[in-house]
Amino acid sequence: MTRVTYIEFNGTQHDIEANDGLTLMKVAVNNDINGIVAECGGACACATCHVYVDEQWLAKLPPMDNTEHDMLDFAAGVQANSRLSCQIKVSAGLDGIVVRMPDSQFS
C-alpha cells in the first residue's frame, strides 16, 4: 500500500492508503475525496480530475503525454505543477505523494 495525501482547496486533508496500480483519480473517487469530479471516469477526456502535485514529487512522475497536456488546456487554474490524476498510477515510488485540488473543482 502507498500513502497518498489529498488536500482540498479549503485545507481539509485526507491521508489514504492506496493500492498500487490504481490511478490517483480512482483512489480519490473510491474514498469520496471532494474536488476530484472525474466526469469521464479516467479516460483523459474531461480534466475534472486536475490536481496540483507538490513540487518534490514532480520529478518522480512519468512525463506528461500529449493527450494529458492538451486536456489541461481545458482545466481552470493550470500551474506548472498541474497534472490529471487519472494519468498518475500509484506505486511504491510515490509513497507519501501529496496532491492538492484546485478551487474550481469544488461545488
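Helices and strands are here DSSP runs, a helix having at least four residues and a strand at least two, and both are numbered from the N terminus. With that in hand, the place of Cys46 can be given as the loop between H1 and E3, in a model that is predicted.

The overall layout comes next. The protein has three helices and five strands, and read from the N terminus these elements follow one another as β-β-α-β-α-α-β-β. The radius of gyration is 12 Å, close to the 13 Å that the globule rule gives for 107 residues, so the protein is as compact as a globular protein of that length. Taken along the principal axes, the box filled by the C-alpha atoms is roughly 30 × 30 × 25 Å.

Of the 107 residues, 47% count as buried, while the protein exposes about 5,500 Å², of which carbon and sulfur atoms supply 47%. Among contacts between residues at least 6 apart in sequence, 64% join residues at least 24 apart. As for charge, the protein has 6 positive and 14 negative charges, and the mean positions of the two groups are 6 Å apart.

The loop between H1 and E3 deserves a closer look, beginning again with Cys46. This residue has a relative accessible area of 18%, and since buried means under 20%, Cys46 counts as buried. Setting aside residues up to four places away in sequence, Cys46 touches Ala38, Glu39, Cys40 and Met71. Its C-alpha atom is separated by 8.7 Å from that of Leu72, although the two residues are 26 apart along the chain.

Two other residues of this part of the chain call for attention through their backbone angles. Most residues other than glycine have a negative phi. Cys44, however, has a positive phi of about 60 degrees although it is not a glycine, and Ala47, also a residue other than glycine, has a positive phi near 65 degrees. Cys44 lies in the loop that runs between helix H1, residues 24-30, and strand E3, residues 50-53, and Ala47 is likewise found in the loop between H1 and E3. Cys44 counts as buried because its relative accessibility is 9%, and Ala47 counts as buried because its relative accessibility is 6%.

From Cys44 the path leads to Glu68, a residue of helix H3, which spans residues 66-72. Is Glu68 buried or exposed? With a relative accessible area of 1%, Glu68 is buried. Leaving aside neighbours within four places in sequence, Glu68 is in contact with Cys44, Arg83, Leu84 and Gln87, and a polar atom of the Glu68 side chain lies 2.8 Å from the backbone nitrogen of Leu84.

Further along the chain, the loop between H3 and strand E4, residues 82-84, holds Asn81. Asn81 counts as buried, at 9% relative accessibility. Which backbone atom does the side chain of Asn81 reach? The side chain of Asn81 reaches the backbone oxygen of Val53, at 2.9 Å. Apart from its neighbours within four places in sequence, Asn81 is in contact with Val51, Tyr52, Val53, Glu55 and Leu58.

Gln79 is found in the loop between H3 and E4 as well, but Gln79 is partly exposed, with a relative accessible area of 43%. Tyr52, which is among the contacts of Asn81, is also a useful reference point for Gln79: the two residues are 27 apart in sequence, and their C-alpha atoms are 7.5 Å apart in space.

The last stop is Asp20, in the loop between strand E2, residues 13-18, and H1. Asp20 is partly exposed, with a relative accessible area of 43%. Not counting neighbours within four places in sequence, Asp20 is in contact with Met1, Thr2, Val90, Ser91 and Ala92. With Thr2, the side chain of Asp20 forms a side-chain to side-chain polar contact of 2.4 Å. Met101, in turn, is 81 residues from Asp20 along the chain, and the C-alpha atoms of these two residues are separated by 21 Å.

Notes:
Residues are numbered from 1 along each chain as its sequence is written. This is a predicted model: local features need pLDDT of at least 70, side-chain atom pairs count only at pLDDT 80 or more; totals for chains, interfaces and linings use all residues. Side-chain values use heavy atoms; hydrogens and water are left out. The radius of gyration is taken over C-alpha atoms; the globule rule is 2.2 Å times the number of residues to the power 0.38. Buried means under 20% relative accessible area, exposed over 50%, partly exposed in between (1.4 Å probe, protein chains only). Contact means heavy atoms within 4.5 Å. Accessible areas come from the Shrake-Rupley method with a 1.4 Å probe; for residues, only the protein chains shown count as cover. Lys and Arg count as positive and Asp and Glu as negative; His and the chain ends are not counted. The place of a charge is taken as NZ of Lys, CZ of Arg, CG of Asp or CD of Glu. A polar contact is a pair of N or O atoms within 3.5 Å; within protein, one must be able to donate a hydrogen and the other to accept it, and residues adjacent in sequence count only if both atoms are side-chain atoms.
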